[in-house]
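Take a slow look at the sequence and the 3D view below, and turn the view a few times before reading on. Then we can walk through it together.

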Amino acid sequence: MTTLVRLAKRSQGLSIDDFQRQAGADCDWSSAVPYGLGAATQALTLAGAYRRGEPACDVIDELVFDDEASVARCLADAAFRRAWGSELLDPASVACLVVEEHVAMPGPVPAAFVKNYELVTKRPDLARADFDEYWARVHGPLAATIPTIRRYVQAHLSPGTREAGTAPLDGLAITWFDDVAAMRAGTRTEAYAKTRADERNLLAGELPFVITTERGTFPRGD
């Protein structure tokens, strides 16, 4: 499976409430169906995350396809590109990634949950293969020991994206928690401290994160 991810900020002048009210209705991915779209989700930044200023993004859309070739064919479709370029989004803020999931910690998603995305940028002196290997085989298992995490997935760049060398990020670390309180509790553990200390071995610097709630946008339940 290959996932097309879109991270973006809302259009300038659009309030948070108005954006979140309209965002779900704006996700018409029907033009992607002929290219093998299997499922799509939309993660909206929690309202409480805005208390400390503007977060890294307001929305993260994930569209799951059979393979990377299917994503490429879909992105070449004019109808899909029109849907992808929503007027609700600030065009200058949109970042797109094509990724493949590495499940670092399997587990069911709780019925009620928060989903945390960490925006990963590798150390510039690390070769891509070395970074991917360390992230998956060393850092991932370490982070998976944080006791309040319910599920942990690393989104690694797809082979074609790695070869192109134009991706705005080097991947996403995605974790699920029962709630924000559980997420905060995890930061007070020894496992969390060890995980943060290990970040210097693979990351370029600070690790921006976005705490979200998620809903399905394809197939629609209504």
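We will go from strands to cores, and then to the open and closed spaces.

Please keep in mind that this is a predicted model. A good place to begin is strand β3, which covers residues 59-65. Of its 7 residues, 6 are buried, so β3 is largely enclosed by the rest of the structure. Two partners lie along it. Strand β1, residues 2-8, runs antiparallel to β3 and is joined to it by 7 bridges. If you would like to find one position in this pairing, look for L7, which stands opposite I60. The other partner is β2, which also runs antiparallel to β3, with 6 bridges between them. Here you can look for Q42, whose bridge partner in β3 is D61. While you follow these strands, one general rule is handy: in a regular strand, the side chains alternate between the two faces of the sheet.

Now move to another strand, β6, which spans residues 151-157. How many of the residues of β6 are buried? The count is 7 of 7, which makes β6 a mostly covered strand. It pairs with β4 in the antiparallel sense over 6 bridges, and in this pairing M105 has Y152 of β6 as its bridge partner. Strand β6 also pairs with β7, again in the antiparallel sense and over 6 bridges. In that pairing, Q154 has A173 of β7 as its bridge partner.

With these strands in view, we can turn to the nonpolar cores. The largest nonpolar core has 20 residues, and those touching the most other members are V120, F131, W135, I149, Y152, L202 and L203. You have already met Y152 as the bridge partner of M105. Two or more residues of this core come from each of β4, β5, α4 and β7. The biggest giver is α4, with 3 residues. To see one member's surroundings, click on L203: leaving aside residues up to four places away in sequence, L203 touches V120, T121, K122, R123 and F131. Apart from the largest core lies another one, made of 19 residues, and L7, V99, L119 and L157 are among them. L7 is the residue that stands opposite I60 in β3.

Next come the spaces. The largest pocket holds about 1,000 Å³ of space. Its lining has 40 residues, and N116, M183, F209, V210 and I211 lie nearest the centre of the pocket. Several elements each supply at least two lining residues, including β5 (114-120), α4 (128-143) and β8 (209-218). Which helix gives the largest share of this lining? It is α6, with 4 residues. Sorted by class, the lining of the largest pocket has 22 nonpolar, 10 polar and 8 charged residues.

The second largest pocket has a volume of about 190 Å³. Among its lining residues are A39, E62, R151 and W176. Strand β2 contributes the largest share of this lining, 3 residues. By class, the lining of the second largest pocket divides into 6 nonpolar, 1 polar and 5 charged residues.

There is also a closed space to find. A search of the whole structure gives 1 cavity of 30 Å³ or more. The largest cavity holds about 50 Å³ of space. Its lining includes Q42, D61 and L89, and you may recall Q42 and D61 as bridge partners. At least two lining residues come from each of α1 (16-23) and β3. The residues of the cavity lining divide into 6 nonpolar, 2 polar and 3 charged.

L89 deserves a stop of its own. You will find L89 in the loop between α3 and β4. Is L89 buried or exposed? Its relative accessibility is 6%, and because buried means under 20%, L89 counts as buried. Although L89 and K9 are 80 residues apart along the chain, their C-alpha atoms are separated by 5.9 Å. Leaving aside residues up to four places away in sequence, L89 touches several residues, including R6, K9, F19 and V59. R6, F19 and V59 also belong to the lining of the largest cavity.

One last stop is in the segment after β8, where P219 sits. The peptide bond from F218 to P219 is cis, with omega near -10°.

Conventions. Residues are numbered from 1 along each chain as its sequence is written. This is a predicted model: local features need pLDDT of at least 70, side-chain atom pairs count only at pLDDT 80 or more; totals for chains, interfaces and linings use all residues. Side-chain values use heavy atoms; hydrogens and water are left out. On a 1 Å grid over the protein atoms alone, a cavity is a set of points where a 1.4 Å probe fits but cannot get out, and a pocket is an open set with protein on both sides within 12 Å along at least five of seven lines; lining residues have an atom within 4 Å of a point. Grid points are joined across faces, edges and corners, and a volume is the space filled by probe spheres set on the points. Ala, Val, Leu, Ile, Met, Phe, Trp, Tyr, Cys and Pro count as nonpolar, Asp, Glu, Lys and Arg as charged, and the others, Gly among them, as polar. A nonpolar core is a set of buried Ala, Val, Leu, Ile, Met, Phe, Trp, Tyr and Cys residues joined through side-chain atoms within 4.5 Å. Buried means under 20% relative accessible area, exposed over 50%, partly exposed in between (1.4 Å probe, protein chains only). Contact means heavy atoms within 4.5 Å. Two strands pair if DSSP finds at least two bridges between them.
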